[in-house]
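Reader: Hi! I'm in my first year and still learning to read pictures like this one. Could you choose a part, look at it closely with me, and show how it fits with the rest?

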Amino acid sequence: MTEPLSNQIRSEEAKRERCVDPRERWRALQETIAWADAQQKPPRNSIQSCLERQRRLVAVLSRREPAEIRVAEDRPSFGSHY
Amino acid sequence: MNVDRILEVLREQEVNFLLIGGMNFMLRHLPLLTFDVDIWIDDVPENRRRCARALAQLQAMWGATDETWGPVDGNRSEWLESQGVYCLMTPCGALDVFRQVAGLPSWAECRNRAIASATAGGIPFLGLCDADMLRCQYALPESQRHPERVRHLETLTPPVPDHSP
């Protein structure tokens, strides 16, 4: 164990990325996201969380001036800012 | 990833370990996404043997080189003695096993002040305390630290000496 730990970690992670089937890695990542979401109380995709998120977004919109909203709507959209 | 299963098997095999890294932070503080489970094991022979049995049960894959990458089940008994950290893959997700962690005192000392917690699935685990999580971050070069994690931990813990390299 003479090599610095940070170098060992980097080379070990790189080796794992090379050796693991990308499809298997992607499946594991998706499951990680689902598992991590399930740890939240309440879960992000629960009705309660969705309504709470909607409430926050509506509150942000209602604070913006009507002209500001119109300008924003005229712009091409490349995705949500939220 | 089924982190519950990983933690469950480690407990079944009576591995003495602490949950460290992003998963420990995510479970105890903020939902910042992390892709690996990091554990720090008590680095004594009997515990390494228990850990090797747990990794075999989890059908973990690892190799000293790309050419020797494969199931750890058939490895010689002392395979967990060759280096400080092992990055493995299991059907339950990626798992990093640390025998040493930069910036921290002994495993036993950190174990004494570790925080007992549980996943939403009810699997109990011991995780590094907030001050030790912060010490781990300070031990990293600044470019490798997780700023959001550091900011959050700094608001929760009394000042920890910064031993930046």
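Author: Happy to! Helices and strands here are DSSP runs, with at least four residues for a helix and at least two for a strand, numbered from the N terminus. Read that way from the N terminus on, chain B runs α-β-α-β-α-β-β-β-β-α-β-β-α-α. That string contains 6 helices and 8 strands. Please keep in mind that this is a predicted model.

Let's make chain B our part, and begin with its inside. Chain B has 165 residues, and buried residues make up 51% of them. Among the contacts in chain B with a separation of 6 or more, 59% come from residues 24 or more positions apart.

A good place to see burial is helix H5 of chain B, residues 130-139. Of its 10 residues, 8 are buried, so this helix is largely enclosed by the rest of the structure. The buried ones are B:Asp130, B:Ala131, B:Asp132, B:Met133, B:Leu134, B:Cys136, B:Gln137 and B:Tyr138. And what covers them? The cover includes three other helices of chain B: H2 (21-28), H4 (107-112) and H6 (147-156).

Next, look for rings. Over all chains, a search of the whole structure finds 3 aromatic pairs. In one of them, the ring centres of B:Trp62 and B:Tyr86 are 5.0 Å apart, with the planes at 65°, so this pair is edge-to-face. The cut-off behind that label is an angle over 60 degrees. The pair also links distant parts of the chain: B:Trp62 sits in strand S3 (residues 61-62) and B:Tyr86 in strand S5 (residues 85-90), 24 residues apart.

Are these two residues buried or exposed? Buried means under 20% relative accessible area. B:Trp62 has 5% relative accessibility, so it counts as buried. B:Tyr86 is buried as well, because its relative accessible area is 0%. Together with B:Trp79, B:Trp62 and B:Tyr86 form one aromatic cluster.

Now for the charged side chains. Side chains of opposite charge can pair when their charged atoms come close. Over all chains, the search finds 24 salt bridges. In chain B, one of them joins B:Asp43 and B:Arg99, whose closest N and O atoms are 2.9 Å apart. This pair again links distant parts of the chain, with the two positions 56 residues apart: B:Asp43 lies in the loop between strand S2 (36-41) and helix H3 (45-57), and B:Arg99 in the loop between strand S6 (93-98) and H4. B:Asp43 has a relative accessible area of 26%, so it is partly exposed, whereas B:Arg99, at 9%, is buried.

A second salt bridge in chain B joins B:Glu46 and B:Arg53, with the closest N and O atoms 3.9 Å apart. B:Glu46 counts as partly exposed because its relative accessibility is 36%, and B:Arg53 is partly exposed at 42%.

Finally, let's see where our part meets its neighbour, chain A. The contact takes 40 residues from chain B and 25 residues from chain A. The size of an interface is often given as the accessible area lost when the parts come together. Here chain A and chain B bury about 2,700 Å² between them, and 61% of that is on carbon and sulfur atoms.

There are polar and charged links across the interface too. The two chains share 13 residue pairs in polar contact, both residues being at pLDDT 80 or more. On the side of chain A that touches chain B, the elements giving two or more residues are helix H1 (5-19) and helix H2 (22-39) of chain A. H2 of chain A gives the most, with 12 residues. By kind, the residues on that side of chain A divide into 11 nonpolar, 4 polar and 10 charged.

How many salt bridges cross between the chains? The rule finds 4 of them. In one, the side chains of B:Asp36 and A:Arg16 meet at 3.5 Å, N to O. These two residues also belong to a network of salt bridges that links A:Arg16, A:Glu17, A:Arg25, B:Asp36 and B:Asp96.

Key: Residues numbered from 1 in each chain as written. Chains lettered and ligands numbered in written order. Predicted model: local features only at pLDDT ≥ 70, side-chain atom pairs only at ≥ 80, totals over all residues. Heavy atoms only, no water. Contact = heavy atoms within 4.5 Å. Buried area = accessible area lost by both parts, 1.4 Å probe. Polar contact = N/O pair within 3.5 Å; in protein donor to acceptor, adjacent residues only side chain to side chain. Nonpolar A, V, L, I, M, F, W, Y, C, P; charged D, E, K, R; others polar. Phe/Tyr/Trp six-rings, centres within 6.5 Å; stacked < 30°, edge-to-face > 60°. Buried < 20%, exposed > 50% of the residue type's maximum accessible area, 1.4 Å probe, protein only.
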